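Please load the model in your viewer and keep the selection panel at hand. The tour goes from the whole chain to single residues.

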Amino acid sequence: MNNLEYYKVFYHVARLGNLTAAARELNISQPAVSQSIRQLETSVGAKLFVRASKGVRLTGEGELLYHYVAKGYGQIELGEQKIRQMLNLELGEIHIGASDMTLRFYLLPYLEQFHEKYPHIKVAVSNAPTPETLENLEQNKIDFGVVSTPFEKRDVLEAVNVREIEDVFVAGRKFIQYKNRMLDLQELENIPIIYLEGVTSTRSYMDSFLEKNKVQIRPEFELATSDMIVQFALRNLGVGCVVRDFAQEYLEDGRLFELRFNMIIPKRHFCVVTNPKYPVSAAARHLLDLFSPAMD
């Protein structure tokens, strides 16, 4: 036995005041308990127990040592208890990196299902652009990320496609002349376009696609969110470029329609991205397992 084991035996003997009871609790023989106590007494240079009518009791030196050992052993037991709670999903945290779009159109139903099943697990979602999410994942600041393609591949990370998404151009009744027509992409150059501002995967993807097809767009409006693009399109302020999910409700009820082109805009994906370098928590693993059918 090492010194830590001696202290473990000492703790149980002192707490129970009986060698036989301590042996039973530790699942070892009584002679092994007696030997551990003798070894510890030799190590510290003091007598720790004296015989009592129904077992043993601590000496003054033993009382002093037990005062400190009990604190440490209590913390060890608490740590073991917390680990068991984490493994049983009674305790823990999950840190996820996601955008508004991936949270709303992919993650949210899974989070609802997970929270209903494991209400004591705290879930923190960091809302950040894809490059920042990937950086956080590389630095082990989050357990996993949910992002949309395209994004720069990083060798250390693993990405799995979980859902297709489709970029569309949508318009209201003012642009009815374009409905049910097969348009050339070049015609977009003569239409007031409503676009996302800044550097986003949606904006970058569409810019790249149109550039490859020699189409140059000068947006009439550049807005911060896709939801706002849809609202501008509903008010006939232009033709909005969004991921279909944002406009689906209005496409179904006829308030908006989708422009059709003689060249298909390739579909993109939502991806779950993980970092195999760092093991995820038990709670994060259970949440990832909910994604499994989509990740197969």
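What follows is a series of selections, with a short account of what is there at each stop.

**The whole chain**

Begin with everything selected, and keep in mind that this is a predicted model. The protein chain contains 11 helices and 14 strands. Show the C-alpha trace alone and turn it: along its principal axes it spans about 100 × 35 × 30 Å. The radius of gyration of the protein chain is 32 Å, where a compact globule of 296 residues would have one near 19 Å.

Now switch on a surface. The protein chain has an accessible surface of about 16800 Å², and carbon and sulfur atoms account for 49% of it. Of the 296 residues, 43% are buried. Contacts also reach far along the sequence: taking those between residues at least 6 apart, 73% join residues at least 24 apart.

**The open sheet**

Next, select β7, β9, β10, β11 and β12. In which order do these five strands lie in their sheet? The order is β10-β9-β11-β7-β12, in an open sheet with mixed pairing. The edges are held by β10 (221-223) and β12 (257-258); each has a single partner strand, so one side of each has no neighbour in the sheet.

Add helix α7, residues 201-212, to the selection. Helix α7 packs on this sheet and touches β7 (167-171), β9, β10 and β11. The direction of α7 makes about 130° with that of β9.

Zoom in on β9, residues 193-196. On one side, β9 runs parallel to β11 (residues 239-243), and two bridges join them. Ile 193 has Val 239 as its bridge partner in β11, and Ile 194 has Gly 240. Strand β9 also runs parallel to β10, this time with three bridges. Ile 194 appears here again, standing opposite Phe 221 in β10. With backbone atoms shown, recall that strands of a sheet pair through backbone hydrogen bonds, either parallel or antiparallel.

**Helix α6 and its cover**

Move to helix α6, residues 130-138. Which residues of α6 are buried? They are Thr 130, Thr 133, Leu 134, Asn 136 and Leu 137. Look down the axis of α6: the buried residues fall within an arc of 160°, so they line one face of the helix. The cover over them includes β3 (93-98), β5 (144-148) and β14 (268-274).

Pick Thr 133, which belongs to helix α6. Is Thr 133 buried or exposed? Its relative accessibility is 2%, and residues under 20% are taken as buried, so Thr 133 counts as buried. Beyond its neighbours within four places in sequence, Thr 133 is in contact with Gly 97, Ala 98, Ala 128, Ile 142, Gly 145 and Val 147.

Before leaving this helix, select Asn 140, which follows α6 and has a positive phi, near 60°.

**Strand β14 and its partners**

Select β14, already met as part of the cover of α6. Six of the seven residues of β14 are buried. Add β5: it pairs with β14 in the antiparallel sense over four bridges. Within this pair, Ser 148 has Phe 270 of β14 as its bridge partner.

Then add β6, residues 158-165. Strand β6 runs antiparallel to β14, and seven bridges join the two. To find one matching pair, select Glu 158, which stands opposite Thr 274 in β14.

Between these two partners of β14 there is one more stop. Pro 150 lies in the loop between β5 and β6. A cis peptide bond joins Thr 149 to Pro 150, with omega about 5°.

**Two asparagines in loops**

The last stops are single residues. Select Asn 27, in the loop between α2 (19-26) and α3 (30-44). Phi of Asn 27 is positive, near 60°, in a residue other than glycine. Asn 27 is exposed, with a relative accessible area of 70%.

Finish at Asn 180, in the loop between β7 and β8 (182-183). Phi of Asn 180 is positive and near 60°. Asn 180 has a relative accessible area of 72% and is exposed.

Technical notes
Residues are numbered from 1 along each chain as its sequence is written. This is a predicted model: local features need pLDDT of at least 70, side-chain atom pairs count only at pLDDT 80 or more; totals for chains, interfaces and linings use all residues. Side-chain values use heavy atoms; hydrogens and water are left out. Two strands pair if DSSP finds at least two bridges between them. Contact means heavy atoms within 4.5 Å. Axes are lines fitted to C-alpha atoms, for helices over the stretch in contact, and angles run from 0 to 180 degrees between N-to-C directions. Buried means under 20% relative accessible area, exposed over 50%, partly exposed in between (1.4 Å probe, protein chains only). The arc is that of the directions from the helix axis to the C-beta atoms. The radius of gyration is taken over C-alpha atoms; the globule rule is 2.2 Å times the number of residues to the power 0.38. Accessible areas come from the Shrake-Rupley method with a 1.4 Å probe; for residues, only the protein chains shown count as cover.
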